[in-house]
Protein chains: 2
Amino acid sequence: MNYPLSLQSVIDELGRLPGVGPKSATRMALWLMRQDRHDIDRLAQSIVHMADTLTLCDVCFNVTDDAGSCRMCSDDRRDRSIICVVEDTPALGAVEATGAFHGQYHVLGGLLDPLSGVTLESLKIRELLQRVKSSDVKEVILCLSPTVEGDATALQLARLLDVPNLVVSQPAAGLPVGGDVEFADAVTLARAVEGRLTLNN
Amino acid sequence: MNYPLSLQSVIDELGRLPGVGPKSATRMALWLMRQDRHDIDRLAQSIVHMADTLTLCDVCFNVTDDAGSCRMCSDDRRDRSIICVVEDTPALGAVEATGAFHGQYHVLGGLLDPLSGVTLESLKIRELLQRVKSSDVKEVILCLSPTVEGDATALQLARLLDVPNLVVSQPAAGLPVGGDVEFADAVTLARAVEGRLTLNN
């Protein structure tokens, strides 16, 4: 099908977005075409504005609109002695949404995956080590997904974070709350049993 | 999670696209953030350019960059005596991709669906009737999806296209080529048997 040039270029551009194939890109473009000119301009402007404004925090490498360090890193009410290491901004959002963590964050920008070209140098690991060594950090929580890449990254980081008196921890792997033992996969259940908690002392 | 304002507004805008929820919008926005400024500008510009340029053909109501009638409607090599009625541009693209149709098209802009507010007046039906009556059209093929809405629209159109000597047809419903009789659903198989073809004369 030969779409008009202006439509085809929107389909091509939207089709480059992650998770968007040519069919969904076509659906989006035809939907956009039917919107108010005002709404279309707002979409385009928001994207350009983000490119102008959004940057990474100098300290934790989370996304921020502020120059220098982000609001969370500048917040004196947050505990500076504990750093939660996460893969990316959505993971940080998930931890923050629990309301259970009041320390600082460090965003790696990915997980080790040598086959896809993600090595130690592509992640913000050197920056994490400098940060831990140059300030009074007592604990680093490696809050990475319990996948092959996540576990490999956590192992490497635990090895590299060889700093006297520093606790390096990892969230417990085990049964999801509300889940059913019968339907838990074998690996998860094995990790849950290995990491069992004593209740009576 | 409080995302930076510039990121949140891109998430909100992308999240309005059909088939995009807040999670995919976040993934897209964070992906966009990592792209070259040049590529981001090209995406934004393509969308604005489409809003400036793309319009509907005066004759068939397909999308076009040309003012007035589209290239297909102006193409003298296409048979003007036969009109294929389709729901939208992707459906037109599917028919055109077969290479088996060389007539003109008419894009309804949807299917009758009174519960969602799509009535006869919201579709380009009056325009189809005018087009059929004012020119030398011999056949109208109602190439609409064999769904409740598609069948209802086809029935209504067949009733309205009450023009002397005009053939109103519909593509055959039946077994998809390469499909297996055993796995065909009952309705499809019933329509296939009803519409059976005689092979020996």
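The following paragraphs describe the symmetry, interface, helix packing and sheets of a predicted two-chain model.

In this predicted model, local features need pLDDT of at least 70 and side-chain atom pairs count only at pLDDT 80 or more, whereas totals for chains, interfaces and linings use all residues. Residues are numbered from 1 along each chain as its sequence is written, and chains are lettered from A and ligands numbered from 1 in the order in which they are written.

A turn of 180° with a shift of 0.0 Å along the axis lays chain B on chain A with an RMSD of 0.1 Å, the copies being superposed by least squares on the C-alpha atoms of residues with pLDDT of at least 70 in both. The two copies are thus related as by a two-fold rotation axis. Within chain B, the residue that comes closest to this axis is B:Ala44, with its C-alpha at 2.3 Å.

The interface brings 42 residues of chain B into contact with 42 residues of chain A, contact requiring that C-beta atoms, placed from the backbone, lie within 7 Å. On the side of chain B that touches chain A, at least two residues each come from α1 (5–14), α2 (22–33), α3 (37–53), β2 (63–64) and α5 (89–98). Helices (H or I, at least four residues) and strands (E, at least two) are DSSP runs, numbered from the N terminus. The most is given by α3(B), with 13 residues. By class, this side of chain B comprises 24 nonpolar, 11 polar and 7 charged residues; Ala, Val, Leu, Ile, Met, Phe, Trp, Tyr, Cys and Pro count as nonpolar, Asp, Glu, Lys and Arg as charged, and the others, Gly among them, as polar. Because 100% of the interface residues of chain B are also interface residues in chain A, the copies meet through the same surface.

Between the chains, helix α3 (residues 37–53) of chain A packs with α1(B) at an angle of about 150°, the axes being 9 Å apart. Axes are lines fitted to C-alpha atoms, for helices over the stretch in contact, and angles run from 0 to 180 degrees between N-to-C directions. The two helices, α3(A) and α1(B), are therefore roughly antiparallel to each other (angles under 35 degrees count as roughly parallel, over 145 as roughly antiparallel, 65 to 115 as roughly perpendicular and the rest as oblique). Their contact involves A:Arg42, A:Leu43, A:Ser46, A:Ile47, A:His49, A:Met50 and A:Thr53 of α3(A), together with B:Ser6, B:Leu7, B:Ser9, B:Val10 and B:Glu13 of α1(B). These divide into 5 nonpolar, 5 polar and 2 charged residues.

Within chain B, the axes of α1(B) and α2(B) come within 8 Å and cross at roughly 130°, which makes α1(B) oblique to α2(B). This contact has 9 nonpolar, 1 polar and no charged residues.

In chain A, 4 strands form an open parallel sheet in the order β4-β3-β5-β6, two strands being paired if DSSP finds at least two bridges between them. The edge strands, β4 (103–107) and β6 (167–169) of chain A, each pair on one side only. Neighbouring strands of this sheet are turned by 25° against each other on average, direction ignored. Strands β3 (residues 79–86) and β5 (residues 139–142) of chain A pair over 4 bridges, with A:Ile82 opposite A:Glu139. In chain B, 3 bridges join β5(B) to the parallel strand β6 (residues 167–169), where B:Ser169 is the bridge partner of B:Ile141.

How values were computed. Contact = placed C-beta atoms within 7 Å.
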